[in-house]
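Reader: Could you take a close look at the strands for me, and walk me through how they pair up? I'd be glad to hear about any contacts and pockets along the way.

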Amino acid sequence: ELKRQDGSVVKVSGDNGEYTVDPEGTATITSPESGLIIIKGVDSDPYTLTETAAPAGYNLLESSISVTPTATHRSEE
């Protein structure tokens, strides 16, 4: 679950680690095996990330973590 500084949940659409901010979407973000998550449309402000489920054999994070997105720009080919 990704939350803005004001505590509001970021809703997204997408899958397989690639998401786009979507007010009509879901609050569920699932990381792929690589662990890399791309969320298009977020600001570069700090967010709070809370793990709500962990794969079998892995421990759930004990507390939320602060994350700050990194802007990337890909050229469309």
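Author: Let's begin with a term: a salt bridge here is a side-chain nitrogen of Lys or Arg within 4 Å of a carboxyl oxygen of Asp or Glu. This is a predicted model, where local features need pLDDT of at least 70 and side-chain atom pairs count only at pLDDT 80 or more, while totals for chains, interfaces and linings use all residues. Residues are numbered from 1 along each chain as its sequence is written, and side-chain values use heavy atoms, with hydrogens and water left out.

Searching the whole structure turns up one salt bridge. Its partners are the side chains of Lys3 and Glu1, at 3.8 Å from N to O. Lys3 is partly exposed at 30% relative accessible area, and Glu1 is partly exposed too, at 29% (buried is under 20%, exposed over 50%, partly exposed in between, with a 1.4 Å probe and protein chains only).

Lys3 also takes us into the strands. Strands are DSSP runs of E with at least two residues, numbered from the N terminus, and two of them pair if DSSP finds at least two bridges between them. Lys3 stands opposite Thr48 in β5, as part of the antiparallel pairing of β1 with β5 (residues 47–49), which has two bridges. These strands belong to an open, antiparallel sheet of three, in the order β1-β5-β6. The edges are β1 (2–3) and β6 (65–67); each has a single partner strand, so one side of each lacks a neighbour in the sheet.

Now for the other sheet. This one is also open and three-stranded, ordered β2-β3-β4, but its pairing is mixed. Here β2 and β4 are the edge strands, each pairing on one side only. On average, neighbouring strands are turned by 20° against each other, direction ignored (axes are lines fitted to C-alpha atoms, and angles run from 0 to 180 degrees between N-to-C directions).

Where does the mixture come from? β2 (residues 12–15) and β3 (residues 18–21) are antiparallel, with four bridges, whereas β3 and β4 (residues 38–40) run parallel, joined by three. Tyr19 has a partner in each neighbour: Gly14 stands opposite Tyr19, and in β4 the bridge partner of Tyr19 is Ile39. Glu18, meanwhile, stands opposite Ile38 in β4. The link between β2 and β3 makes a hairpin with two residues between the strands, and Asn16 in that turn has a positive phi of about 55°.

Finally, a pocket: the second largest has a volume of about 580 Å³. Of its 20 lining residues, Ile29, Thr30, Ser31, Glu51 and Ala53 are the closest to its centre. (A pocket is an open set of points on a 1 Å grid over the protein atoms alone, where a 1.4 Å probe fits, with protein on both sides within 12 Å along at least five of seven lines; lining residues have an atom within 4 Å of a point. Volume is the space filled by probe spheres set on the points.)
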